[in-house]
Amino acid sequence: MMDGVAAQAIVGDIVDRLGVRVNVMDDHGVIIASSDRSRVGSLHEGALRVLRTGRLFAVTSEEAHALTGTLAGVNLPLRLGDEIVGVVGVSGDPASVGEIARAIARMAELMVAQQAFLGEAGWRHRVRLQLIEDLRTGGLTGPGELRLPSRCPASGAIPTVLSRTVPFPSVPFSTRGVP
C-alpha cells in the first residue's frame, strides 16, 4: 500500500485541481490521507465494506448517518494485482462523483503499482550490493567454498559484478559460408 505521505500528496493535488473531497484508506479501513486532515487515523466503515466485498460501495446521505466515519460518496477498492491493498473514497452525491471516483481510484492504483515496483527494484539493488560486498570481503565463504580475491592479481582492480543483460541475437547460428 502507498504510504500516508505519498497518499496525502496525491489527495492534495486532486483537491487543488478538481475541488473534490477525497480519502485514501489502508487495508484495515483506516484513513491514511484525506482532504480533511482531521479524519486521518479514523476508521472508515464504508472502506471496511469495500475491503470485505471487493466491490464499489456508493453511500447516500441517508446511509452515511448509519456508518461510522463515512460521508456520502463513492468508495472503490485499490488493487495491486489480485490483492485489495486499500480503498479510495470520493465524497459527494454518488451520481455526480462516481466517474471521477473511478478515475481517481485508477490513478491511485497506478501509483501503488509504481511504488511496489520501485520498492522491489530498490530491494534487489540492496541485495546485489550486499552480495557483492559479502563476496568481496569473504563474508559468504566457508571451508571449501569459492573465495574471490579482494583484488585482481593481474591488474590490482577490485572485482565487480555487472547486472546488465545483453540480448542474444535470435538469428540461428550457421557455419555455412564461413571460411
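Angles over 145 degrees between the N-to-C directions of two helices count as roughly antiparallel. In this predicted model, helix 1 (residues 4-18) and helix 4 (residues 94-137) pack at an angle of about 150 degrees, and the two helices are therefore roughly antiparallel to each other. Their axes lie 12 Å apart, and the crossing of helix 1 and helix 4 is right-handed. Helix 1 contributes Ala 6, Ile 10, Ile 14 and Leu 18 to the contact, while helix 4 contributes Ile 100, Ile 104, Met 107, Met 111 and Gln 115. By character, the residues of this contact comprise eight nonpolar, one polar and no charged.

A second region concerns strand 1 and its pairing. Of the five residues of strand 1 (residues 21-25), four are buried, so the strand is largely enclosed by the rest of the structure. Strand 1 pairs with strand 5 and with strand 2, as tabulated below.

| Partner of strand 1 | Sense | Bridges | Opposite residues |
|---|---|---|---|
| Strand 5 (residues 83-91) | antiparallel | five bridges | Val 22 and Val 90 |
| Strand 2 (residues 31-34) | antiparallel | three bridges | Met 25 and Ile 31 |

Val 22 of strand 1 thus has its counterpart, Val 90, in strand 5, whereas Met 25 stands opposite Ile 31 in strand 2. Strand 1 and strand 2 form a hairpin with five residues between the strands. In this hairpin, Gly 29 adopts a positive phi near 85 degrees.

Methods. Residues are numbered from 1 along each chain as its sequence is written. This is a predicted model: local features need pLDDT of at least 70, side-chain atom pairs count only at pLDDT 80 or more; totals for chains, interfaces and linings use all residues. Side-chain values use heavy atoms; hydrogens and water are left out. Axes are lines fitted to C-alpha atoms, for helices over the stretch in contact, and angles run from 0 to 180 degrees between N-to-C directions. Angles under 35 degrees count as roughly parallel, over 145 as roughly antiparallel, 65 to 115 as roughly perpendicular and the rest as oblique. A crossing is left-handed if the near helix is turned anticlockwise from the far one by less than a right angle, and right-handed if clockwise. Contact means heavy atoms within 4.5 Å. Ala, Val, Leu, Ile, Met, Phe, Trp, Tyr, Cys and Pro count as nonpolar, Asp, Glu, Lys and Arg as charged, and the others, Gly among them, as polar. Buried means under 20% relative accessible area, exposed over 50%, partly exposed in between (1.4 Å probe, protein chains only). Two strands pair if DSSP finds at least two bridges between them.
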